[in-house]
Amino acid sequence: MTNIAKGLEGVLFTESKLTFINGTEGILTHLGIPIQEWAESSTFEELSLALLDGGLPTSGDLAAFDAELKANRAVSPQLLEVIAAMPRGVHPMQALRTAVSYLGLLDPQAEETTEEARRAISVRMIAQFATVIAAIARTREGKEPVDPRMDLSHAANFLYMLNGKEPSPEQARLFDIALVLHVDHSMNASTFTAIAIASTLSDMYSCMTGAIGAMKGPLHGGANEAVMDMLDEIGTPEKAAEYITDKLDRKEKVMGVGHRVYKYFDPRSRVLRDYAEVVANKEGKSHYYQILETIEKTVVDRLGSKGIYPNVDFYSGTVYSDLGITKEYFTPIFALARISGWCASVIEYTRDNRLLRPDAVYTGASDQHYVRIEERGGQELQKTEG
Ligand code: ACO
């Protein structure tokens, strides 16, 4: 019998030097360095550059990259007009998908697919995702977009453009850590989508527009927003255990837990949990954290033996909420970080490109003949189940 790798599980289609995951021991490294060390000591800018270049940068290289990002922060007024013209009430991920596709129309280099061009476009996109997402958020809320500042870090500038107020150094650092934790994660659905598009020798904007589409689904990036919906639905910590037990009894999925690769704690969720705990200790916020603690306990007790543990999306929302970010923007913020991983992965893959084209086992009808429509009567073509 032919073996089908449903969901492409366990299928190896390329080599990569960027990210390593050991899902049974809960290990994640970028360029061989543990994620905990990146979170503790590095920045979004440094990790992005390290992945694009395949090694830790010198201080000169990092300063040059930072300056390049800053120089590319502003977006065309034409794009802001497009964002303003979007129908009311569209989800920010829909808006981001359209805005990124439009960015490609404004970039004279958009159709170039050499490594040099892909890298130059990557730098622009990494810089501009922040401006675009903040502009989408402000416009949806009936406010004017805020121009980027050139004296702030990527994380601080994003919060400034989003809230119209400079964040405290602690807030900026916390957000930077959250970005670092989300930058790359091997062959997840959105990165794979970006690579599949790139493998046809299509352009970077098409790759990233497709990746946004893949990320937006609730089984992938959309889970962070879904976790917050669930917390709001549960309401109080006392109701959490019963709510989750009922859900599991009904064979429904609990958002923010489970992972295709991790069969133990996702190390990113451990880092975020520590920060969420700090947030939890602040006045008025502790009920979210208490609900999450109860959910974690209930899920791990019941499904830990099946390898179901909290993933990165489980605690991220409580951290974002404390930074004044509402839940519709959690998935766009994921994209804000992951753009660097998407770009680095596309560049790495296309260095030795081969068109991605898997196959399916055909289970449809055979030996059929075309019947003219007027001759079909009640007679139907043999239908296959499923
Ligand atoms: N809640 C309850 N049960 C679960 C969950 C969950 N979240 N996830 C998996 N399971 C159970 C399944 O019901 C299944 O049980 P069965 O063997 O009795 O049928 C078993 O675990 C295997 O689950 P699959 O869905 O086949 O595993 P897969 O690898 O395809 O799923 C996924 C991974 C999609 C992430 C899944 O765990 C899930 O839906 N989680 C909730 C959504 C989520 O949090 N997504 C974010 C992932 S991280 C990220 O993208 C950043």
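The exercises below work through the domains, the ligand surroundings and the salt bridges of this predicted model.

**Exercise 1.** Determine which residue ranges make up domain 1 and domain 2, and how the centres of the two domains are placed relative to each other.

*Solution.* Begin with the domain assignment, which gives domain 1 as 15-219 + 326-350 and domain 2 as 223-322. Domain 1 is therefore written as two ranges, whereas domain 2 is written as one. Then take the centres over C-alpha atoms, and the separation of domain 1 and domain 2 comes to 25 Å.

**Exercise 2.** Describe the interface between domain 1 and domain 2, going from its extent to its polar pairs and then to the elements on the side of domain 1.

*Solution.* Start with the contacts, in which 28 residues of domain 1 meet 25 residues of domain 2. Next consider the area, since the two domains bury about 2300 Å² between them, with 67% of it on carbon and sulfur atoms. Among charged pairs, the count between the domains is 2 salt bridges, and the side chains of Lys327 and Asp232 form a salt bridge at 3.0 Å, N to O. With both residues at pLDDT 80 or more, 9 residue pairs are in polar contact across the two domains. On the side of domain 1 that touches domain 2, the elements giving two or more residues are β1 (19-22), β2 (27-30), α1 (35-41), α8 (169-182) and α16 (330-350). Of these, α8 supplies the largest share, 6 residues. Finally, sorting the residues on this side of domain 1 by character yields 14 nonpolar, 10 polar and 4 charged.

**Exercise 3.** Identify which residues are closest to the ligand, and state which atoms of Leu219, His220 and Lys253 approach the ligand.

*Solution.* First list the surroundings: 21 residues surround the ligand, and the closest are His220, Lys253, Val254, Arg260 and Lys306. Then examine individual atoms, beginning with Leu219, of which a backbone N or O atom lies 3.0 Å from a nitrogen atom of the ligand. His220 instead places a polar side-chain atom 2.8 Å from an oxygen atom of the ligand, and for Lys253 a polar side-chain atom lies 2.5 Å from an oxygen atom of the ligand.

**Exercise 4.** Give the number of salt bridges, and locate the partners of the pair Asp53 and Arg119 along the chain.

*Solution.* The count comes to 22 salt bridges. In one of them, the side chains of Asp53 and Arg119 meet at 2.9 Å, N to O. Placing the partners, Asp53 belongs to helix α2 (residues 44-53) and Arg119 to helix α6 (residues 115-140), so that the pair, 66 residues apart, links distant parts of the chain.

Technical notes
Residues are numbered from 1 along each chain as its sequence is written. This is a predicted model: local features need pLDDT of at least 70, side-chain atom pairs count only at pLDDT 80 or more; totals for chains, interfaces and linings use all residues. Side-chain values use heavy atoms; hydrogens and water are left out. Contact means heavy atoms within 4.5 Å. Buried area is the accessible area (1.4 Å probe) that two parts lose on being put together, summed over both. A salt bridge is a side-chain nitrogen of Lys or Arg within 4 Å of a carboxyl oxygen of Asp or Glu. A polar contact is a pair of N or O atoms within 3.5 Å; within protein, one must be able to donate a hydrogen and the other to accept it, and residues adjacent in sequence count only if both atoms are side-chain atoms. Helices (H or I, at least four residues) and strands (E, at least two) are DSSP runs, numbered from the N terminus. Ala, Val, Leu, Ile, Met, Phe, Trp, Tyr, Cys and Pro count as nonpolar, Asp, Glu, Lys and Arg as charged, and the others, Gly among them, as polar. A residue is near a molecule or strand if one of its heavy atoms lies within 4 Å of it.
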